[in-house]
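Let's take a walk through this one together, going from ring pairs to the sheet and then to a few individual residues. Have the viewer open as you read.

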Amino acid sequence: MAIPTGFSIQDYLLLESSSHRRHEYRGGMVYPIQLENDDHRRIRSNLSYLIATNLQRRAREFQLFTGDARISDGDSFLYYPDLFVTVDVRDVEDSNTKCYPKLIVEVVSPATELFDRSPKFEDYRQLNSLEEYLLIDRDTRQVERRHRIKEGNWQRWDIETYQDEKNMMLSSLGVKMSLEELYRGVSWSDPFRDDIESKI
């Protein structure tokens, strides 16, 4: 729920600098970030590891952030995605705020799903650098991948849903992974535990 006061960007940044809790900004409204549970953190950690491992030979070309940096379009929004990757050299100028992400990921929960799927995506898609947007369900094995397709002066967003053990390709980075790897260790679906129980 938004803090019921109109904020300028300057007001928001002042609040962020003095608050122990992070907030997001959209069109004059400020939203406290929802607290994360262990499964949320595990999924983000798994994804970060999978991306970094696959891109280790290109480590100098990309920057990967996991909830510790903001994305902004300049004046209408500032968000903290669960994970994003940028390869634009302009994104080294400000250590806290980035403007040219290539991939953005949100781990969705019942409390954030509607906002992540619609208003937040409408803002993110205004970033010309963005090629791919992932919505990872926290409570069930499902990922929605939205990928920008450009054809001349015309463009559209293609949507694909991944479930169960299906492999997924992050085309923006050239990284392939399985949902089993992505969800490894979450409380409701632990492959190691399943393997042990199947042998008993």
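Phe121 and Tyr133 are both buried, and in this predicted model they are a good place to begin. Before getting to how these two rings meet, it helps to have the overall tally, which is 11 aromatic pairs. Take Tyr79 and Phe115 as one example: the ring centres are 6.1 Å apart and the planes stand at 85 degrees, so this is an edge-to-face pair. Tyr79 belongs to strand 5 (residues 77-79) and Phe115 to helix 3 (residues 113-117), so the pair ties together parts that lie 36 residues apart in sequence. The two partners have their own levels of exposure: Tyr79 counts as buried, at 0% relative accessibility, while Phe115, at 23%, counts as partly exposed.

Now back to Phe121 and Tyr133. Their ring centres are 5.3 Å apart and their planes make 15 degrees, so the pair is stacked. Here too distant parts of the chain get linked, with Phe121 in helix 4 (residues 119-124) and Tyr133 in strand 9 (residues 132-137), 12 residues apart. Both pairs feed into a single aromatic cluster, made up of Tyr31, Phe77, Tyr79, Phe115, Phe121, Tyr124, Tyr133 and Trp157.

Stay with Tyr79 for a moment, since a lot comes together around this residue. What sits over its ring? That would be the charged end of Lys120, 4.9 Å from the ring centre. On the polar side, the Tyr79 side chain makes a contact of 3.2 Å with the side chain of Arg26 and another of 2.5 Å with the side chain of Asp123. Setting aside neighbours within four places in sequence, Tyr79 also touches residues including Glu24, Tyr25, Ala69, Ile71 and Tyr124. Tyr25 is worth picking out: 54 residues separate Tyr79 from Tyr25 in sequence, yet their C-alpha atoms are 6.5 Å apart in space. A charge over a ring turns up at Tyr80 as well, where Arg22 lies over the face at 4.9 Å from the ring centre.

Next, the sheet. Six strands make up an open sheet in the order 3-6-8-9-10-11, and the pairing is mixed. Strand 3 (63-65) and strand 11 (154-163) stand at the edges with a single partner strand each, so one side of each has no neighbour in the sheet. On average, neighbouring strands of this sheet are turned by 15 degrees against each other, direction ignored. As background, strands of a sheet pair through backbone hydrogen bonds, either parallel or antiparallel. For a concrete case, look at strand 6 (residues 83-86) and strand 8 (residues 101-108), which run antiparallel and are joined by 4 bridges. Within that pairing, Thr86 stands opposite Pro101 of strand 8. Helix 2 (residues 38-54) packs on the sheet, where it touches strand 3, strand 6, strand 8 and strand 9, and its direction makes about 20 degrees with that of strand 6.

Strand 6 also holds Phe84. This residue counts as buried, with a relative accessibility of 0%. Leaving out residues up to four places away in sequence, Phe84 touches Gln63, Leu64 and Phe65, among others, and its contacts also include Ile71, Pro101, Leu103 and Ile104. Phe84 and Tyr133, the latter familiar from the stacked pair, are 49 residues apart in sequence and 9.2 Å apart in space, C-alpha to C-alpha.

Further along the chain comes a hairpin. Strand 12 (residues 167-170) and strand 13 (residues 175-178) run antiparallel, joined by 4 bridges. Leu170 has Val175 of strand 13 as its bridge partner. There are 4 residues between the two strands, and in this hairpin Gly174 takes a positive phi near 70 degrees.

One last stop: Arg141, in the loop between strand 9 and strand 10 (142-151). Is this arginine buried or exposed? With a relative accessible area of 13%, Arg141 is buried, given that the cut-off for buried is under 20%. Neighbours within four places aside, its contacts are Tyr162, Gln163, Asp164, Glu165, Leu179, Glu180, Tyr183, Trp188 and Ser189.

Methods:
Residues are numbered from 1 along each chain as its sequence is written. This is a predicted model: local features need pLDDT of at least 70, side-chain atom pairs count only at pLDDT 80 or more; totals for chains, interfaces and linings use all residues. Side-chain values use heavy atoms; hydrogens and water are left out. Rings of Phe, Tyr and Trp (its six-membered ring) pair if their centres lie within 6.5 Å; planes under 30 degrees apart count as stacked, over 60 as edge-to-face and the rest as tilted. Buried means under 20% relative accessible area, exposed over 50%, partly exposed in between (1.4 Å probe, protein chains only). A charge sits over a ring if NZ of Lys or CZ of Arg is within 6 Å of the ring centre and within 35 degrees of the ring normal. Two strands pair if DSSP finds at least two bridges between them. Axes are lines fitted to C-alpha atoms, for helices over the stretch in contact, and angles run from 0 to 180 degrees between N-to-C directions. Contact means heavy atoms within 4.5 Å. A polar contact is a pair of N or O atoms within 3.5 Å; within protein, one must be able to donate a hydrogen and the other to accept it, and residues adjacent in sequence count only if both atoms are side-chain atoms.
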